[in-house]
Number of protein chains: 2
Amino acid sequence: MKIAILGTGVVGRAQALRLSGLGHNVVIGTQDVHKTIANTDKDYMGNPPMSEFLRANPNLKLGTLAEAAALGDLIINCLRGDRSVNALKALAKEVSGKILIDVSNPLDFSHGMPASLTVCNTNSLGEQIQAVLPNTKVVKAFNAVNAAIQVDPTSLAGGDHDLYICGNDAEAKAKVEQIARSYGWKNIIDLGDISNSRGVEMLLPMWMRLMGALKTPIFNFKVVK
Amino acid sequence: MKIAILGTGVVGRAQALRLSGLGHNVVIGTQDVHKTIANTDKDYMGNPPMSEFLRANPNLKLGTLAEAAALGDLIINCLRGDRSVNALKALAKEVSGKILIDVSNPLDFSHGMPASLTVCNTNSLGEQIQAVLPNTKVVKAFNAVNAAIQVDPTSLAGGDHDLYICGNDAEAKAKVEQIARSYGWKNIIDLGDISNSRGVEMLLPMWMRLMGALKTPIFNFKVVK
């Protein structure tokens with residue numbers, strides 16, 4: 001399947017590598033290809049520059065956001081939350097009629113850690129994205145899970161923890177579930193329509209506090225019932 | 001120990017019964033004793049009126065909020081979230097120097113279910129309560145768990161799920177942990193100071209959505225790590 005990953009950060013790279021490894025045709029989209037390639041610095045988390053990442057993974061292609069979105073039959077939004085709505089609005093034509101998995105979180109780091117949210121409670125980033133892309137089937141998924149666990153859930157406790165998804169289109173959610181199962185996800189909880197993004201995005205303030213208390217990002221929630 | 005439960009709802013009753021069963025001296029506080037006793041209707045969830053509950057449990061005493069708060073060496077706030085700050089502010093003298101466990105949630109049901117929150121993200125009910133009770137040691141606990149599970153965690157999956165607590169005073173948190181362990185809690189995660197109420201209160205939008213998806217309130221989160 002042709003899949004576009006929007007965003008070159010930790011999440012985008014993890015998704016791209018995993019999908020490529022599963023045999024998909026992956027193109028990564030970035031705001032400014034020249035700038036992304038020209039950058040030779042590690043990021044603040046110590047990850048290698050994108051040029052080095054691409055050299056190590058020659059199956060992965062890089063293009064502009066619009067090029068990637070146009071090529072992909074399915075789109076995964078791994079852009080920063082505060083940039084997602086505007087960036088995706090500009091891609092409305094390229095993503096029209098397609099499934100878009102929204103992995104982003106509306107995090108506001110301007111007041112330090114733990115970050116607050118730029119939107120929550122009576123709205124959500126997932127809903128905002130669906131609102132600017134009325135012809136796209138937006139499915140919120142993976143956002144409340146560390147990147148490494150997103151794409152390899154069995155690396156944590158054999159996969160006995162939960163993935164939450166929501167979206168307005170049942171077929172789109174079934175497709176996203178299929179991809180998630182190909183990653184190894186076993187417990188997938190469908191919360192309903194895209195307004196349930198409020199619930200999964202509001203996990204982030206707790207997620208960040210748990211990361212602080214547990215001193216690791218390698219954990220996930222499981223609903224015990 | 002002399003313990004005051006503020007609130008006569010499902011949560012207050014569950015906490016009162018459990019603590020009484022554990023040998024504590026429990027007094028329940030209500031806004032208007034006469035009105036509470038005079039009411040002969042079941043509540044909207046089908047629970048018996050308070051008079052019937054008290055007849056069935058003669059060890060439990062009922063008083064005004066101020067009487068209960070004055071008698072208790074430890075206070076548990078089980079009032080409705082939207083009434084808690086004003087009600088507790090009026091009890092500042094009675095709860096001064098004491099530990100107050102805040103179980104309430106800032107739920108706003110005015111737009112239907114799932115409820116939104118009246119405060120979140122950059123503030124929380126736990127913090128608001130600590131702010132109006134500067135001489136009280138507020139510990140947020142139990143709020144993200146169904147009442148029955150709060151006081152009997154081993155009834156669910158043998159107790160293999162989490163209780164999150166936070167507060168500014170280490171000794172107060174140790175005391176609350178001790179009570180929680182007497183209920184059967186095994187996994188207690190201390191998130192830090194009272195500002196972490198933001199995290200545990202923001203679990204509620206997800207909790208309500210999970211209750212809808214799972215069609216039961218009998219579940220709890222476990223952090224898998």
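This text leads through a predicted model of chains A and B, from the interface between them to a helix pair and a salt bridge.

The interface is a suitable place to begin. The size of an interface is often given as the accessible area lost when the parts come together. Chain B and chain A bury about 2700 Å² between them, and 73% of this area lies on carbon and sulfur atoms. Each side is represented in the contact, with 34 residues from chain B and 34 residues from chain A. On the side of chain B, the residues that lose the most area to chain A are B:Met206, B:Arg209 and B:Val224, which together account for 24% of what that side buries.

Polar pairing across this interface can be considered next. The rule finds seven residue pairs in polar contact between chain B and chain A, both residues being at pLDDT 80 or more. The count of salt bridges between chain B and chain A, by contrast, is zero. The elements of chain B that give two or more residues to the side touching chain A are strand 7 (116-117), strand 10 (187-190), helix 10 (197-201), helix 11 (204-214) and strand 11 (220-224). Helix 11 of chain B supplies the largest share, six residues. By class, the residues on this side of chain B comprise 20 nonpolar, eight polar and six charged.

B:Leu214 belongs to helix 11 of chain B. Neighbours within four places in sequence aside, B:Leu214 is in contact with A:Ile189, A:Val223 and A:Lys225, and also with B:Phe219. B:Leu214 and B:Asp82 are 132 residues apart in sequence, and their C-alpha atoms are 27 Å apart in space.

Attention now turns to a helix pair within chain B. Helix 5 (residues 81-89) of chain B packs with helix 7 (residues 125-132) of chain B at an angle of about 10 degrees, and their axes are 9 Å apart. Because angles under 35 degrees count as roughly parallel, helix 5 of chain B is roughly parallel to helix 7 of chain B. From helix 5 of chain B, B:Gly81, B:Ser84, B:Val85, B:Leu88 and B:Lys89 meet B:Leu125, B:Gln128, B:Ile129 and B:Val132 of helix 7 of chain B. This contact has five nonpolar, three polar and one charged residues.

Salt bridges form the last topic. Side chains of opposite charge can pair when their charged atoms come close. Over all chains, a search of the whole structure finds 14 salt bridges. One salt bridge joins A:Glu177 to A:Arg181, with the closest N and O atoms 3.4 Å apart. Both A:Glu177 and A:Arg181 lie in helix 9 (residues 170-183) of chain A, where four residues, about one turn of the helix, separate their positions.

Terms used: Residues numbered from 1 in each chain as written. Chains lettered and ligands numbered in written order. Predicted model: local features only at pLDDT ≥ 70, side-chain atom pairs only at ≥ 80, totals over all residues. Heavy atoms only, no water. Axes fitted to C-alpha atoms, helices over the stretch in contact; angles between N-to-C directions. Parallel < 35°, antiparallel > 145°, perpendicular 65-115°, else oblique. Contact = heavy atoms within 4.5 Å. Nonpolar A, V, L, I, M, F, W, Y, C, P; charged D, E, K, R; others polar. Buried area = accessible area lost by both parts, 1.4 Å probe. Salt bridge = Lys/Arg side-chain N within 4 Å of Asp/Glu carboxyl O. Polar contact = N/O pair within 3.5 Å; in protein donor to acceptor, adjacent residues only side chain to side chain.
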